[in-house]
Structures are given as structure tokens and as C-alpha cells.
Amino acid sequence: MAATEMTGGNTAAMTALEVTGRLRPYGIMVADDTARVFDAIEQQGGCARFVGGVVRDALLKRHLVDVDIACDLAPEATVVALENAGIKVIPTGLKHGTVTAITEAGAYEITTLRVDVLTDGRHAEVAFTDSWLEDAKRRDFTFNAIYCDLDGTIYDPFDGETDLREGRVRFIGVAENRIAEDFLRILRFFRFQAWFGRPPIDPIGAEACRKAVNGLRDISVERIRDEMFKLLRSRSPAGTINDMIGFDILPAILPELIQVDCLRIMQWLDSTALADPAIRPDPLRRLAALFSPGDNKQHSDMQEDNLAAAERFARNLRLSNEETDRFAEMIAHAPLIDPKLPIETVRRDLYRMGADAFRDAVILAWSARGAVPPRCTRLENEEWKAFLEAAKNWQPVKLPIQGRDILKAGLAPAGPRVGMLLKRAEEYWLDQDFNPDRDELMDYLKRQLTAGDKETE
Ligand code: ATP
Ligand code: MG
């Protein structure tokens with residue numbers, strides 16, 4: 001027997017799963033490397049089946065990315081099986097029964113059939129089993145517990161296929177109990193709702209999440225961030241975000257995320273208005289749409305406050321330095337962008353910010369403007385689009401003079417004065433819409449210096 005421990009009924013009838021249907025495998029499911037992994041496990045006397053995302057996505061005929069496999073070999077035996085077949089294997093989480101097979105076609109997460117014996121809402125102590133049904137019961141949602149053989153035979157013990165077809169995210173077992181075992185399931189519930197659910201959200205699941213929300217305080221912020229990003233990558237997350245606010249989830253963990261209307265406009269822009277392949281759903285930009293820096297309108301340096309609040313939020317969420325900068329720049333700049341800005345100012349922003357950051361700020365500003373009455377007129381929408389067009393066509397330019405030109409012409413000795421003069425030349429160059437060339441800028445500086453000398457005489 002392959003399993004290291006038995007749980008529950010040992011009769012074949014109780015541990016096996018019934019065949020419930022078939023699908024036609026495609027993509028990574030039919031790759032040669034996939035067959036090698038399955039074959040290696042069989043050679044060792046085991047049985048492997050696809051499970052989780054790959055089966056769910058195959059039923060929806062979506063592009064298949066990650067492959068999760070369940071198998072009835074103990075993890076150490078799986079390692080041996082793969083090594084014998086010459087497949088590279090990483091013991092990702094032996095204690096939890098997971099190893100990763102690495103092939104040219106991709107990585108395969110292979111997890112031994114298991115049950116959770118002890119849970120505290122964050123971690124589980126697991127035992128291995130040879131019961132496919134027990135393994136199915138420890139999974140979260142009905143459509144995440146569908147198994148599939150290499151040839152497409154389907155085993156769907158909780159009728160997840162119907163739930164998937166009807167857009168219902170349903171916990172396996174009693175929602176309250178399943179959440180108490182692992183509070184991250186609260187966020188997984190809403191993430192899967194955003195991807196596969198059809199409104200209205202299942203009130204039983206959502207209500208159970210509301211009651212258990214305090215458990216999320218014990219979940220690491222990195223896991224919360226990752227789930228939020230996965231949710232925000234779905235096509236139209238605003239409805240689910242609204243549910244997360246309505247069921248008291250977001251106020252408990254990320255109270256700054258409140259601007260659902262802004263997100264709604266942004267997702268509309270992502271999907272319809274901006275037929276530009278450079279602009280695709282971007283979770284960080286969507287996070288910025290939702291973010292409200294709080295009420296600091298009475299301050300004169302509102303931009304500074306927004307920047308500081310955005311940075312604080314991004315750091316607390318453990319965003320990378322690059323993401324933090326991008327997030328904060330969007331929040332700080334969007335309020336300064338107005339569809340009536342003259343094109344010279346737009347070019348100046350493009351020069352200062354770069355095309356990507358400018359595009360971010362425009363989309364955020366447009367979404368924010370569209371979210372409050374009186375919404376954008378058709379003309380205004382055209383103006384915003386023109387900004388994006390300007391960003392698309394923007395060719396980065398460089399100030400035509402450098403510090404060494406100033407030194408060579410003897411306009412200043414080496415030191416901070418060179419930087420000051422460069423700044424002055426840059427201001428003039430920008431005021432003249434990038435027109436002055438090198439000679440004109442040098443003449444300008446010389447004129448400035450003589451005028452300055454006169455003033456000080
Ligand atoms: P995706 O890979 O698209 O994020 P997935 O459903 O494959 O979605 P994974 O996190 O890869 O999700 O997990 C694979 C499977 O493991 C899930 O489909 C589910 O059956 C099970 N699973 C993962 N996390 C949990 C959890 N917290 N509680 C219960 N079961 C889980
Ligand atoms: Mg997966």
C-alpha cells in the first residue's frame with residue numbers, strides 16, 4: 001500500500017471515486033512531459049490525477065498554466081519515482097506531501113492524498129491517506145475538488161462541475177468549519193467568486209466569511225497581498241470588491257480600499273474603451289483605483305500627504321520597492337492631471353515621469369473623474385484618449401547639454417553650481433517645449449549669467 005497512514009473507511013468503495021464524466025485534454029495536459037510524470041508515478045505502482053486549477057480551467061476551456069497533480073504514493077516514493085524516470089524533482093513541502101517536478105514543459109506540483117488532522121486557522125498538520133474521497137473533502141470549494149485522469153476521465157465527488165457552470169462558489173462541507181481550519185479560505189472564496197462566480201454571491205459562504213473575519217488578522221500580510229492581486233487580475237473584480245466591503249472583509253483588513261466606483265470605471269476602460277494592447281488589467285493600478293488616502297483635503301500640501309499615505313499603505317502591504325514607487329507616484333500625480341491640460345504640459349509630464357508612469361496616472365485620473373457625477377462627457381473621453389495617444393507616441397528626449405559643456409565654457413567651476421545651471425537650462429528648455437538646441441541653451445545660460453552679474457554690480 002502506498003499511503004503511510006489510513007484514515008476513515010478502508011473499503012475500496014469508500015476510498016475510490018466514481019467516474020462522473022469526461023473532458024478532452026489539451027495544452028499542457030497532453031504535453032509529452034506530462035505523460036512522463038504520470039508514467040513515472042505508475043511505474044512505481046501509484047496513480048496520478050490532475051486536480052485543482054488545471055481541471056477547473058480545462059472544463060471552462062481556458063488557457064492552462066499551472067498543473068496540480070494528486071497521487072497516492074507517499075511523497076518520498078514520488079521523489080524516487082520521478083528520479084528513476086530522470087525527471088528533476090524539488091522536495092517543495094515534503095511534510096505536507098508536496099513535491100515539484102520540473103520539466104521543459106513546466107512545473108508540476110504533485111501532492112500525496114492527505115487529510116488535515118490538526119488545524120489552527122493558519123497551519124495544518126497532515127496525514128497521508130489512500131482515500132481519494134478524503135483528499136477531496138479537505139479541499140476548499142466543490143469545483144477545486146475535481147480529479148481527472150490523463151485520458152480525460154473525470155471524478156467530481158461534490159458536483160463542482162454544476163457549480164462552475166452556474167457560477168456558484170460553494171464550500172465543501174460546513175462553511176464555518178472549513179474557514180476556521182484555514183482563514184485564508186475567506187480570501188480564496190472572494191477570489192474565486194471574482195473569477196468564476198456569478199452574482200449574487202452565495203450568502204451562506206459570504207456570511208460565514210463575515211463571522212470569521214477576525215481570523216484574517218493571523219494570516220501573514222504577504223498571503224493577503226497575493227490573494228488580493230490574484231483577485232484584482234480577474235476581468236471585472238469591482239462587484240466582488242463591493243461584496244468584500246458589504247460583508248465587512250475589506251474594512252477589517254485593508255480599510256483604505258473603498259473606491260469601488262473608481263475601480264468600476266477602470267475595469268470598463270481596461271476591457272472596452274482602451275483598445276490598446278499596452279493597456280491591460282493591472283492589479284497595482286486597480287489597487288490604486290480603490291485606494292483612498294483619507295481625508296486630508298484641508299491641508300495645503302495635499303500632494304505630499306497623498307504620497308506619504310500611499311507609501312505607508314504600500315509598505316504595510318509589503319509591496320516591492322518598485323511597486324511602492326509606482327503605486328505612490330500614481331496616487332500623487334493623478335489628481336494633477338486634468339483633461340484640459342495643454343499639450344505642452346502633457347509633454348513636460350511625459351518627460352519628467354516617463355510614458356509608463358504618465359499612462360498610469362492618466363488612467364487613474366480618468367477613472368476617478370468618471371466615477372463622480374457629472375461623469376465624463378464624450379468630448380472629455382476623447383481628451384483622455386489623446387493623452388494616452390501622446391504617451392504611446394512619446395520618444396524619450398534628453399536635455400541637449402551636460403555638465404561638462406558648462407565646465408568647458410567656463411560658466412561655473414566644478415561643484416554644485418553646475419547642477420544649478422543645468423536645472424535652469426532645463427526649465428527654459430521645457431518652457432520652450434523642448435525646442436532650443438545645444439547652442440541656444442548655452443547662449444541662454446551666458447545671457448543669464450551676464451544679467452546676473454549686472455544685477456549684483
Ligand atoms: P490557481 O493555481 O489558479 O491559483 P488552484 O485552485 O489551482 O488555483 P492552488 O493554490 O494551486 O489553487 O491549489 C491547488 C488546489 O489545492 C486547489 O484547487 C484546492 O483543491 C487545494 N487548495 C489550495 N489551497 C487550499 C486551501 N487553503 N484550503 C483547501 N484547499 C486548498
Ligand atoms: Mg494551481
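## Two pockets and a domain contact

Between domain 1 and domain 2 there are 2 salt bridges. Keep in mind that we're looking at a predicted model here. One salt bridge to look up is the pairing of the Arg185 and Asp116 side chains, at 4.0 Å from N to O.

Where do the domains sit along the chain? The assignment gives domain 1 (11–165), domain 2 (172–255), domain 3 (260–395) and domain 4 (403–456). If you take domain 1 and domain 2, their C-alpha centres are 25 Å apart. Their contact is made by 22 residues from domain 1 and 16 residues from domain 2. Put together, domain 1 and domain 2 bury about 1,500 Å², and 54% of that is on carbon and sulfur atoms. On the domain 1 side, Gly121, Arg122 and Asp140 lose the most area to domain 2, and together they make up 35% of what that side buries.

Now for the empty space. Here's how the two pockets line up:

| Pocket | Volume | Nonpolar lining | Polar lining | Charged lining |
|---|---|---|---|---|
| Largest | about 1,700 Å³ | 11 residues | 11 residues | 22 residues |
| Second largest | about 650 Å³ | 18 residues | 5 residues | 3 residues |

Let's begin with the largest pocket, at about 1,700 Å³. It has 44 lining residues, and those closest to its centre are Asp68, Glu109, Arg188, Arg191 and Lys230. Domain 1 and domain 2 each put at least three residues into this lining. Quite a few elements supply at least two residues each, including strand 3 (67–71), strand 6 (107–112), strand 7 (114–119) and helix 10 (221–232). Which element gives the most to the lining of the largest pocket? That's helix 8, with 7 residues; helix 8 covers 184–196.

The second largest pocket holds about 650 Å³ of space. Among its 26 lining residues, Gln259, Phe291, Pro293, Pro335 and Ala368 lie nearest the centre. Two or more lining residues come from each of helix 13 (260–273), helix 14 (283–290), helix 15 (302–316), helix 16 (321–333) and helix 18 (355–371). Helix 18 gives the most, with 5 residues.

The class counts are worth a second look. For the largest pocket, 22 of the lining residues are charged, next to 11 nonpolar and 11 polar. For the second largest pocket, 18 are nonpolar, with 5 polar and 3 charged.

Notes:
Residues are numbered from 1 along each chain as its sequence is written. Chains are lettered from A and ligands numbered from 1 in the order in which they are written. This is a predicted model: local features need pLDDT of at least 70, side-chain atom pairs count only at pLDDT 80 or more; totals for chains, interfaces and linings use all residues. Side-chain values use heavy atoms; hydrogens and water are left out. On a 1 Å grid over the protein atoms alone, a cavity is a set of points where a 1.4 Å probe fits but cannot get out, and a pocket is an open set with protein on both sides within 12 Å along at least five of seven lines; lining residues have an atom within 4 Å of a point. Grid points are joined across faces, edges and corners, and a volume is the space filled by probe spheres set on the points. Helices (H or I, at least four residues) and strands (E, at least two) are DSSP runs, numbered from the N terminus. Ala, Val, Leu, Ile, Met, Phe, Trp, Tyr, Cys and Pro count as nonpolar, Asp, Glu, Lys and Arg as charged, and the others, Gly among them, as polar. Domain bounds come from an automatic or database domain assignment. Contact means heavy atoms within 4.5 Å. Buried area is the accessible area (1.4 Å probe) that two parts lose on being put together, summed over both.
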